[in-house]
Amino acid sequence: MIDTRVEQEIRMCPRTDGRKREPLPEDYGLKDLSAEGIFGQLIGTLSERVQRESKEPFHVLQKYVILNDINGLLKVVCTWLKSSDQIDHHLLRCVAHLILFFRSIERTMPVDQCDEIIQAFIQGLIKDQFYRLVATYTACLSAERQVLVYARFLEGITEKNRKEEMLALASDAGLEVHCIAKLVVENIHSTASQEIADTDSAYDAQAKLTENDQRCIDSVDWLVFDKAQRGEAVRQACSVIRTFLAVMKHVGARGVLEKIPADSAEVIRTEWALRAGNEPLHPEDANALRELEALQDYLDALSSFDDWFRYYHHDKPTKPSQSYSTFQEQVAFEQETKQYEAELQRWRYALQACTGETVRRIYAVLFFPGGWLQDESGNETGGESRQSQLHAIRRLCLPPLVTLLVTILQSTDHGRECIQVADAVASEEYELYRLFTEKQLKALLSEIQKVAVANLESGIEDPLGYEM
């Protein structure tokens with residue numbers, strides 16, 4: 001192209017020496033020496049080396065830039081991404097920054113293709129552990145992709161300090177931190193919950209936590225850094241606890257509770273007051289706090305029963321063996337017997353206190369104001385799915401808890417109180433009887449019947465436990 005223009009300029013200028021110029025070949029100037037023509041000749045050349053080099057990724061990139069065909073470049077790069085799992089990271093970085101440059105000069109480009117390339121570049125940053133750059137480039141994606149991409153990235157962050165750092169970087173980059181943190185927890189919960197349910201030790205309340213269990217528990221961390229999200233943190237924590245309770249994995253449920261700061265109720269009410277003044281607490285927050293308290297009471301009751309069971313069956317003093325043949329052995333036996341009786345008395349006092357505390361905690365669950373794991377009447381939240389889960393957990397947890405109560409009272413000779421459990425179950429105020437299957441109800445009544453018979457045989461005036 002340059003040669004043609006130079007020749008034209010020369011021939012337009014007359015010579016001063018009178019000499020004639022040599023005539024040019026007939027086909028001179030007929031060749032297409034435009035940028036498109038030159039690249040066409042490179043593709044059509046007979047040289048294998050030239051053809052091979054013209055197809056190299058960086059040469060292709062140069063071609064489309066020279067031709068000012070950026071949309072064509074984006075299309076080709078997207079094709080490479082779909083056809084190959086491995087693509088040069090430096091090439092992706094170059095194309096990603098070309099996209100950002102052309103955006104800065106307001107060049108119109110296909111949004112989806114731009115997002116696809118930048119997202120692939122972000123995946124390369126994550127793979128190479130350039131974590132601090134991820135938020136910056138995620139902010140270059142379209143709004144609907146930002147939350148999805150960054151949430152997926154955060155799922156792989158496990159260190160608590162780094163979690164807070166990544167959220168701070170996201171905030172600095174202008175990302176929707178609240179939506180991202182919520183989605184992280186939901187994603188982890190949805191993927192891990194099925195694995196939790198499928199694990200072989202799912203119905204062992206004291207089973208050790210698996211990696212998936214711990215991952216589900218730790219996901220709550222994402223929501224406790226910002227006080228403005230404390231309400232969401234409580235809601236998500238309750239959801240995770242319900243998952244653990246559904247498989248009777250109490251150690252996992254306790255692990256989640258430990259993630260929620262003790263001041264959460266106060267923080268939620270303070271944050272709401274800043275936004276709504278003196279308005280009543282939002283039903284979602286009110287029900288979340290109510291559910292958290294109910295779950296805490298239930299797990300406290302189970303822990304108290306574990307303590308009672310251990311104390312009753314394992315900590316009772318052992319009666320000394322009455323076998324002696326000499327006077328010295330007899331004296332030693334009498335001393336051991338006195339010590340045993342003193343320890344037994346102390347054990348009985350401690351058992352009585354432990355029994356009273358455990359019974360109190362169990363009744364706190366059974367007689368939870370308004371019903372355990374029930375939203376306030378008329379203010380139900382969470383949709384049909386949550387309400388269905390709450391009802392299923394009530395049916396799963398409360399009947400066995402009543403059985404534990406009967407076991408405690410029966411084992412500690414509280415016959416009258418044991419029979420009165422039937423009144424608690426039959427109460428129309430709490431309608432606990434509706435949660436029992438026919439088989440469970442028969443088993444409960446059978447145990448209470450045994451206690452009534454024992455009362456009758458022992459000479460108690462009223463074997464049913466009522467005052468006469």
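His 189 sits in helix α11, which spans residues 177–198, and it's a good place to start reading this predicted model. With a relative accessibility of 10%, His 189 falls under the 20% cut-off, so it counts as buried. Leaving out residues up to four places away in sequence, His 189 touches Cys 216, Ser 239, Val 240 and Thr 243. Two of those neighbours also turn up in polar contacts: the His 189 side chain pairs with the side chain of Ser 239 at 3.4 Å, and with the side chain of Thr 243 at 2.6 Å. As for Cys 216, it is 27 residues away from His 189 along the chain, yet their C-alpha atoms are separated by 5.8 Å.

Now step back to the whole chain. What does the secondary structure consist of, in helices and strands? The protein chain has 20 helices and zero strands. Of its 468 residues, 38% count as buried. Contacts over long stretches of sequence are well represented too: taking contacts between residues at least 6 apart in sequence, 69% join residues at least 24 apart.

**Another buried side chain: Thr 358**

Thr 358 belongs to helix α17, residues 327–366. Is Thr 358 buried or exposed? Its relative accessible area is 0%, so Thr 358 is buried. Its side chain joins that of Ser 304 in a polar contact of 2.7 Å. Beyond Ser 304, Thr 358 also touches Phe 305, Trp 308 and Ile 408, again not counting residues up to four places away in sequence.

Here are the side-chain polar contacts of His 189 and Thr 358 together.

| Residue | Partner | Polar contact between side chains |
|---|---|---|
| His 189 | Ser 239 | 3.4 Å |
| His 189 | Thr 243 | 2.6 Å |
| Thr 358 | Ser 304 | 2.7 Å |

**Two helix pairs**

Take α5 (residues 70–83) and α7 (residues 111–127) first. Their axes are 10 Å apart, and the helices pack at an angle of about 50°. That angle lies between the 35 degrees that bounds roughly parallel and the 65 degrees where roughly perpendicular begins, so α5 is oblique to α7. The handedness of this crossing is left-handed. On the α5 side, the contact is built from Asn 71, Leu 74, Lys 75, Val 77, Cys 78, Leu 81 and Lys 82, while α7 brings in Gln 113, Cys 114, Glu 116, Ile 117 and Ala 120. Sorted by class, the residues of this contact come to seven nonpolar, two polar and three charged.

The other pair is α18 (residues 383–411) with α20 (residues 438–457). Here the axes come within 11 Å and cross at roughly 10°. Which word fits the way α18 and α20 lie to each other? An angle under 35 degrees counts as roughly parallel, so that is the label for α18 and α20. From α18, the contact uses Pro 399, Val 402, Val 406 and Gln 410; from α20, it uses Gln 440, Leu 444, Glu 447, Lys 450 and Val 451. By class, the contact of α18 with α20 has five nonpolar, two polar and two charged residues.

**From α7 into the loops**

Back to helix α7, which also holds Gln 123. With a relative accessible area of 40%, Gln 123 is partly exposed. Gln 123 and Val 134 are 11 residues apart in sequence, and their C-alpha atoms are 8.6 Å apart in space.

A little further along, Gln 129 lies in the loop between α7 and α8. Gln 129 is exposed, at 57% relative accessible area. Its backbone deserves a look: most residues other than glycine have a negative phi, but phi of Gln 129 is near 65°.

After α8 (131–138) and before α9 (143–154), there's a loop that includes Ser 142. Ser 142 counts as buried, at 14% relative accessibility. Not counting residues up to four places away in sequence, Ser 142 touches Val 111 and Asp 115.

What is the phi of Asp 413, which is not a glycine? Phi is positive there, at about 60°. Asp 413 is found in the loop between α18 and α19 (415–426). At 70% relative accessibility, Asp 413 is above the 50% cut-off, so it counts as exposed.

Key
Residues are numbered from 1 along each chain as its sequence is written. This is a predicted model: local features need pLDDT of at least 70, side-chain atom pairs count only at pLDDT 80 or more; totals for chains, interfaces and linings use all residues. Side-chain values use heavy atoms; hydrogens and water are left out. Axes are lines fitted to C-alpha atoms, for helices over the stretch in contact, and angles run from 0 to 180 degrees between N-to-C directions. Helices (H or I, at least four residues) and strands (E, at least two) are DSSP runs, numbered from the N terminus. Angles under 35 degrees count as roughly parallel, over 145 as roughly antiparallel, 65 to 115 as roughly perpendicular and the rest as oblique. A crossing is left-handed if the near helix is turned anticlockwise from the far one by less than a right angle, and right-handed if clockwise. Contact means heavy atoms within 4.5 Å. Ala, Val, Leu, Ile, Met, Phe, Trp, Tyr, Cys and Pro count as nonpolar, Asp, Glu, Lys and Arg as charged, and the others, Gly among them, as polar. Buried means under 20% relative accessible area, exposed over 50%, partly exposed in between (1.4 Å probe, protein chains only). A polar contact is a pair of N or O atoms within 3.5 Å; within protein, one must be able to donate a hydrogen and the other to accept it, and residues adjacent in sequence count only if both atoms are side-chain atoms.
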